[in-house]
Amino acid sequence: MKHLFKAVALATLLTPTLAQADEVTDTLQSALKAYEEGDITYTLEELEYAKQLLQAMKTADLAKFLPEAPDGWTREVSTEMNAGLAMMGGGAGAEATYSAGSDEFKITIMANNPMVGALSGMLSNAGLMGAKLERVGRMKYLNQDGDLSGIVDGRILIQAEGADIDVMIPVLETIDYRALEDFGR
């Protein structure tokens, strides 16, 4: 186990994108030092902290796929989503609220969450079950009383809710779905 831990830490340190000293590598080095000293509790704390830092980086990458606000609207990106995802099995998530006066809607993107995998099969067969579908470019979204849900690559859920679909669909059309398929690979 000790050799595996050292190999993982060494590989992490040699990875070009992480080779620079940053909070993640500092935390991993601290965890390795604590492990070598036999302090398992602190090792686990440091590894959990490193995991949180990496999750934040992944979330920032996912947030790049949230569409810009349409003309006359503002966009506020939430930074609180991952706390809720941790209780639902993990993964990455990004969410933005779009506002124009008293009108408001929200777009949520969740990736690599067990709940998304479970919904994927249902959404894939929604048309066969007689559910109402909306086409957004090449994507099909399930329309549940005006709330839209679509799956990208069987592992990324996109939801839009809170406004008329005629307002939300043009915003959803601006998402780079092909690039989103490559998220996390």
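This passage describes the fold, the sheet, the nonpolar core and selected local features of a predicted model.

In the predicted model, the protein comprises seven helices and seven strands, which follow one another along the sequence in the pattern α-α-α-β-α-β-β-α-β-β-β-β-α-α. Of its 185 residues, 37% count as buried.

The strands are arranged in an open sheet of seven strands with the order 1-2-3-7-6-5-4 and antiparallel pairing. Strand 1 and strand 4 (133–136) stand at the edges, and because each has a single partner strand, one side of each is left without a neighbour in the sheet. From one strand to the next, the twist averages 20°. In general, the strands of a sheet pair through backbone hydrogen bonds, in either a parallel or an antiparallel sense.

Within this sheet, strand 1 pairs with strand 2 (residues 92–100) in the antiparallel sense over five bridges, and strand 2 pairs with strand 3 (residues 103–111), again in the antiparallel sense, over nine bridges. The register can be followed through T97 of strand 2, which is the bridge partner of E76 and which also stands opposite K106 in strand 3. A further pair is formed by A96, which stands opposite I107 in strand 3. In a regular strand, the side chains alternate between the two faces of the sheet. The hairpin of strand 2 and strand 3 has two residues between the strands, and G101 takes a positive phi there, near 65°.

Positive phi values also occur at two aspartates in loops of the sheet. Most residues other than glycine have a negative phi. D145, although not a glycine, has a positive phi of about 55°; D145 lies in the loop between strand 5 and strand 6 and, at 85% relative accessibility, counts as exposed. D153, likewise a residue other than glycine, has a positive phi near 60° and is placed in the loop between strand 6 and strand 7. With a relative accessible area of 34%, D153 is partly exposed.

The largest nonpolar core has 30 residues, and those with the most contacts inside it are L62, I107, I158, L172, Y177 and L180. Strand 2, strand 3, strand 5 (139–144), strand 6 (147–152), strand 7, helix 6 (165–172) and helix 7 each supply at least two residues of this core, with helix 6 giving the most, namely five residues. Burial was also examined at L157, which lies in strand 7 (residues 156–161). At 1% relative accessibility, L157 counts as buried, and its C-alpha atom is separated by 9.3 Å from that of M115, although the two residues are 42 residues apart along the chain.

A search of the whole structure for aromatic pairs finds three. In one of them, the rings of F65 and F183 have their centres 6.4 Å apart and their planes at 85°, so this pair is edge-to-face, given that planes over 60 degrees apart count as such. The pair links distant parts of the chain, as F65 lies in the loop between helix 3 (40–63) and strand 1 (74–78), whereas F183 lies in the segment after helix 7 (177–181), 118 residues apart. Both F65 and F183 are buried. In another pair, the rings of Y98 and F105 have their centres 4.9 Å apart and their planes at 10°, so they are stacked, the cut-off for this class being under 30 degrees. Y98 and F105 are each buried, and together with W73 they form one aromatic cluster.

Among the helices, helix 2 (residues 23–36) was considered in detail. At 1.5 Å a residue, its 14 residues should span 20 Å, which agrees with the distance of 20 Å between its end C-alpha atoms. The N-terminal end of helix 2 is capped by D22, a side-chain oxygen of which lies 3.1 Å from the backbone nitrogen of V24. Along helix 2, the buried residues include V24, T25, T27, L28, A31, L32 and A34. An α-helix has 3.6 residues a turn, so residues three or four places apart point the same way. Helix 2 is followed by G38, which has a positive phi near 85°.

Technical notes:
Residues are numbered from 1 along each chain as its sequence is written. This is a predicted model: local features need pLDDT of at least 70, side-chain atom pairs count only at pLDDT 80 or more; totals for chains, interfaces and linings use all residues. Side-chain values use heavy atoms; hydrogens and water are left out. Rings of Phe, Tyr and Trp (its six-membered ring) pair if their centres lie within 6.5 Å; planes under 30 degrees apart count as stacked, over 60 as edge-to-face and the rest as tilted. Helices (H or I, at least four residues) and strands (E, at least two) are DSSP runs, numbered from the N terminus. Buried means under 20% relative accessible area, exposed over 50%, partly exposed in between (1.4 Å probe, protein chains only). The expected span of a helix is 1.5 Å times one less than its number of residues. A polar contact is a pair of N or O atoms within 3.5 Å; within protein, one must be able to donate a hydrogen and the other to accept it, and residues adjacent in sequence count only if both atoms are side-chain atoms. Two strands pair if DSSP finds at least two bridges between them. Axes are lines fitted to C-alpha atoms, for helices over the stretch in contact, and angles run from 0 to 180 degrees between N-to-C directions. A nonpolar core is a set of buried Ala, Val, Leu, Ile, Met, Phe, Trp, Tyr and Cys residues joined through side-chain atoms within 4.5 Å.
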